[in-house]
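Please open the model in your viewer and keep the sequence panel beside it, so that each selection below can be made by residue number. The tour moves from strand to strand and ends at the ligand.

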Amino acid sequence: MKFFIDTADIDEISEALSWGCLAGVTTNPSLYAKIGGKLADFESHMVKIAQLCEGLPVSAESTATTTEGMIEEGRHLASLAPNIVVKLPICAESLAATHQLASEGIRVNMTLIFSAPQALLAANAGARYISPFVGRFDDIGEDGIEQLATVVSCIENYAWDKNVDHTVEIITASVRTPNHVTQAALLGADIATVPFGALKKCLKHPLTDAGLKSFEADWEKVKAQQ
Ligand code: E4P
């Protein structure tokens, strides 16, 4: 399973990139607002991220509400950098826009997926990525991982049965914890897009810290013997 980072923060993206294991970036209007982003700077900010990520897919979300608007904005966003993926929230208008954009070779990441039928509709419309949300189910007392499992199985069946003519990758979204990452990988999700805080938690383990401490202490003993 690949790791994307779920942020619009350049410093967080740079640091995660420096780890050498990042495969992409996802952003959304809330993440852009969180960094204090201004409307006038949105495009240049997306280009900055796309350039920083050198060829890795970077999802930039359209805020248009009509099919025509999404197609127009999608074409424009995709023209900003070759690695920009157009992110669209699922609805009738965005399915139609996805169908058109995909026919032009523009990659779409369909977001706000909360059910298997939504995921199947997105795949059939030509979405290159499908983003089922996990954490927001947990937030309302439901089991996000169980929901993800259903989506993964349905998409796998669809790809196998119907011999789809385009690649569809599942991006586990709304990730809150390292356990979400583990469960997504166990289920066979292609990607997890993880906020930087949760990504750092994935890196740490108390036993790793304790082990490192004892290696250091023992190495001091070795050095003292010379
Ligand atoms: C998906 O790409 C979204 O940006 C994201 O994962 C939303 O997560 P949230 O529920 O933490 O806002």
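Begin by selecting β7 and β8 in this predicted model, where the two strands pair in the parallel sense over 2 bridges. Within this pair, show the side chains of Ile 171 and Ile 191, since Ile 171 stands opposite Ile 191 in β8. If you then trace the backbone onward from β7, the chain passes through helix α9 (residues 178-187) before it arrives at β8, and this β-α-β crossover is right-handed.

Next, select residues 129-132 and residues 169-172, which are strands β6 and β7, running parallel and joined by 2 bridges. Here Tyr 129 has Glu 169 in β7 as its bridge partner.

Return to β8 (residues 191-194) and add β1 (residues 2-6), a parallel strand that 4 bridges join to β8. In this pairing Phe 4 is matched with Thr 193 of β8.

Now keep β1 and select β2 (residues 22-26), which runs parallel to β1 and is likewise connected to it by 4 bridges. Asp 6 finds its bridge partner, Thr 26, in β2. Between these strands the chain crosses from β1 through helix α1 (residues 10-18) to β2, again as a right-handed β-α-β crossover.

Finally, display the ligand: which residues are around it? Asp 6, Thr 26 and Thr 193 are among them, together with Asn 28, Thr 111, Ser 131, Phe 133, Gly 135, Arg 136, Ala 173 and Ser 174. Coloured by class, this shell shows 2 nonpolar, 7 polar and 2 charged residues.

Key:
Residues are numbered from 1 along each chain as its sequence is written. This is a predicted model: local features need pLDDT of at least 70, side-chain atom pairs count only at pLDDT 80 or more; totals for chains, interfaces and linings use all residues. A residue is near a molecule or strand if its C-beta atom, placed from the backbone, lies within 6 Å of it. Ala, Val, Leu, Ile, Met, Phe, Trp, Tyr, Cys and Pro count as nonpolar, Asp, Glu, Lys and Arg as charged, and the others, Gly among them, as polar. Two strands pair if DSSP finds at least two bridges between them. A crossover is right-handed if, with the strands pointing away from the viewer, the path from the first strand over the helix to the second runs clockwise.
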